[in-house]
Amino acid sequence: MKTRMMLLAMLGAAYAGQVQAEEFRIEMLNKAADGRIMAFEPAVVRAQPGDTITFVATNKGHNSALMKGGAPEGAESWKGKINEEVSVTLSEPGVYMYQCTPHLGMGMIGAIVVGEPANLEAVKGIKYPGKSKAAAEKIFAEIERGG
């Protein structure tokens, strides 16, 4: 009886230690609910290593691509095709800055924070053209608030 109880307790502890990876959905939109045009919704996602992010082509003419210099060291890059859904599983902790390639200058960028934003200063150093500079400042403020 003691052996069975001990075995059940060990199995319960092992199961409790397992963490299920989450899946997040980011829509690529012509207009977000808050009035932003050419936008990812939400603009900032907080995830954990192993979580999967799916970019959904809700409106036509958009893609999702990792920005040059926009990821933690060792992270894999991605570049989705226009009008196509793309899913990425992120394993390296840090900030991932991504863009809609045709609408970068219009401010269509977003961020995924995986764990702690250890490389935040590095991604702040990326050159953000046109309206993406103001969008990046809002994103960085949200990351720093922890919200």
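**A walk through the two sheets**

1. Let's start with one residue pair: Glu 27 faces Val 56, which belongs to β4. This pair is part of the match between β1 and β4, two strands that run parallel and are joined by five bridges. Please keep in mind while reading that the model is predicted.

2. Here is the overall layout. The protein has three helices and eight strands. Read from the N terminus, the order of elements is α-β-β-β-β-β-β-β-β-α-α. Of the 147 residues, 40% are buried. The exposed surface comes to about 8,800 Å², and carbon and sulfur atoms supply 55% of that area. Among contacts with a separation of 6 or more, 63% link residues 24 or more positions apart.

3. Now to the sheet that holds our opening pair. It is an open sheet of four strands, ordered β2-β1-β4-β6, with mixed pairing. At its edges are β2 (37–41) and β6 (86–89), each of which pairs on one side only. From one strand to the next, the twist averages 15°. Besides its parallel match with β1, strand β4 (residues 52–56) is paired with β6 in the antiparallel sense, over four bridges. Within that antiparallel match, Phe 55 has Val 86 of β6 as its bridge partner. As background, strands of a sheet pair through backbone hydrogen bonds, either parallel or antiparallel.

4. Strand β4 deserves a closer look. Is it enclosed or open to the outside? Five of its five residues are buried, so β4 is largely enclosed by the rest of the structure. In general, the side chains of a regular strand alternate between the two faces of the sheet. In β4, Thr 52, Thr 54 and Val 56 lie on one side, with Ile 53 and Phe 55 on the other, and both faces are covered.

5. Which residues touch the most other members of the largest nonpolar core? In this core of 20 residues, they are Ile 26, Phe 40, Ile 53, Phe 55, Trp 78, Leu 90 and Ile 112. At least two residues come from each of β1 (23–31), β2, β3 (44–47), β4, β6, β7 and β8. The largest share, three residues, is from β1. Another core, of 17 residues, lies apart from this one and includes Val 44, Met 97, Leu 104 and Val 113. It is a general tendency in soluble globular proteins that nonpolar side chains are buried together.

6. Phe 55 makes a handy landmark when you turn the model around. Leaving out residues up to four places away in sequence, Phe 55 touches Ile 26, Met 28, Phe 40, Ser 64, Trp 78, Glu 84, Glu 85, Val 86, Val 88, Tyr 98 and Ile 112. One of these, Val 86, is also the bridge partner of Phe 55 in β6.

7. The other sheet comes next. Four strands make up this open sheet in the order β3-β8-β7-β5, again with mixed pairing. Its edge positions go to β3 and β5 (65–66); each has a single partner strand, so one side of each is left without a neighbour in the sheet. Strands β7 and β8 run antiparallel and are joined by six bridges. In that match, Gln 99 has Ile 109 in β8 as its bridge partner. Helix α3 (residues 132–145) packs on the sheet and touches β3, β7 and β8, with a direction at about 25° to that of β8.

8. Last, please visit the loop between β7 (94–99) and β8 (109–114), which is where His 103 is found. His 103 counts as buried because its relative accessibility is 14%, and the cut-off for buried is under 20%. Its side chain makes a polar contact of 3.1 Å with the side chain of His 62. Beyond neighbours within four places in sequence, His 103 is in contact with Met 38, Gly 61, His 62 and Met 108.

9. Pro 102 sits in the loop between β7 and β8 as well. Is Pro 102 buried or partly exposed? With 45% relative accessibility, Pro 102 counts as partly exposed. Gly 61, Asn 63 and Ile 82 are its contacts once neighbours within four places in sequence are set aside. Pro 102 and Gly 61 are 41 residues apart along the chain, while 7.9 Å separates their C-alpha atoms.

How values were computed:
Residues numbered from 1 in each chain as written. Predicted model: local features only at pLDDT ≥ 70, side-chain atom pairs only at ≥ 80, totals over all residues. Heavy atoms only, no water. Buried < 20%, exposed > 50% of the residue type's maximum accessible area, 1.4 Å probe, protein only. Polar contact = N/O pair within 3.5 Å; in protein donor to acceptor, adjacent residues only side chain to side chain. Contact = heavy atoms within 4.5 Å. Pairing = 2+ DSSP bridges. Axes fitted to C-alpha atoms, helices over the stretch in contact; angles between N-to-C directions. Core = buried A, V, L, I, M, F, W, Y, C linked by side-chain atoms within 4.5 Å. Areas by Shrake-Rupley, 256 points an atom, 1.4 Å probe, with all protein chains shown as cover.
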